Amino acid sequence: MVVWWGTPLEARSAFARLVREGQLTSGERVTAVRLLAQLRVAWDEILPTEKVRSLAEDLPDSHGVRAADAAQLAAALV
């Protein structure tokens with residue numbers, strides 16, 4: 001599995017939001033964070049290189065995506 005370096009941050013942010021919205025309990029969040037840590041051992045991360053950043057900067061204009069989506073897409077394309 002290959003992921004963008006910001007994926008853990010995005011996942012943790014989503015877990016926190018789900019807890020705030022009452023869709024996830026604190027215990028479920030702890031389990032999700034633990035599972036995320038297990039996944040991180042097996043994946044390869046795409047680091048924020050100049051090539052990724054340059055490509056990501058163009059994507060909001062050309063494809064109408066938001067910043068985090070542009071970074072994810074650029075990492076996938078690289």
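Here are four short legends for views of this predicted model.

**View 1. The overall fold mixes helices and strands.** Let's start with the parts list: the protein has 4 helices and 2 strands. Walk along the sequence and you meet them in the pattern β-α-α-β-α-α. The C-alpha atoms fit in a box of roughly 40 × 30 × 15 Å along the principal axes. For 78 residues, a compact globule would have a radius of gyration near 12 Å, while this protein comes in at 14 Å. Of the contacts between residues at least 6 apart in sequence, 53% link residues at least 24 apart.

**View 2. Here is the largest nonpolar core.** Eight residues make up this cluster: Val3, Ala11, Phe15, Leu24, Ala32, Val33, Leu36 and Trp43. Helix 1 (7-20) and helix 2 (26-42) each chip in at least two of them, and helix 2 gives the most, with 3 residues. In soluble globular proteins, nonpolar side chains tend to be buried together.

**View 3. Zooming in on Leu36, and then on another core.** Setting aside residues up to four places away in sequence, Leu36 touches Pro8, Ala11, Arg12, Phe15 and Trp43. Apart from the core that holds Leu36, there is another one of 5 residues, including Val52, Ala56, Leu59 and Ala74.

**View 4. Now for the surface and the charges.** Buried residues account for 24% of the 78 in the protein. The accessible surface is about 5,500 Å², and 57% of that belongs to carbon and sulfur atoms. As for charge, there are 9 positive and 10 negative side chains, with the centres of the two sets 9 Å apart.

Key:
Residues are numbered from 1 along each chain as its sequence is written. This is a predicted model: local features need pLDDT of at least 70, side-chain atom pairs count only at pLDDT 80 or more; totals for chains, interfaces and linings use all residues. Side-chain values use heavy atoms; hydrogens and water are left out. The radius of gyration is taken over C-alpha atoms; the globule rule is 2.2 Å times the number of residues to the power 0.38. Buried means under 20% relative accessible area, exposed over 50%, partly exposed in between (1.4 Å probe, protein chains only). Contact means heavy atoms within 4.5 Å. Accessible areas come from the Shrake-Rupley method with a 1.4 Å probe; for residues, only the protein chains shown count as cover. Lys and Arg count as positive and Asp and Glu as negative; His and the chain ends are not counted. The place of a charge is taken as NZ of Lys, CZ of Arg, CG of Asp or CD of Glu. A nonpolar core is a set of buried Ala, Val, Leu, Ile, Met, Phe, Trp, Tyr and Cys residues joined through side-chain atoms within 4.5 Å.
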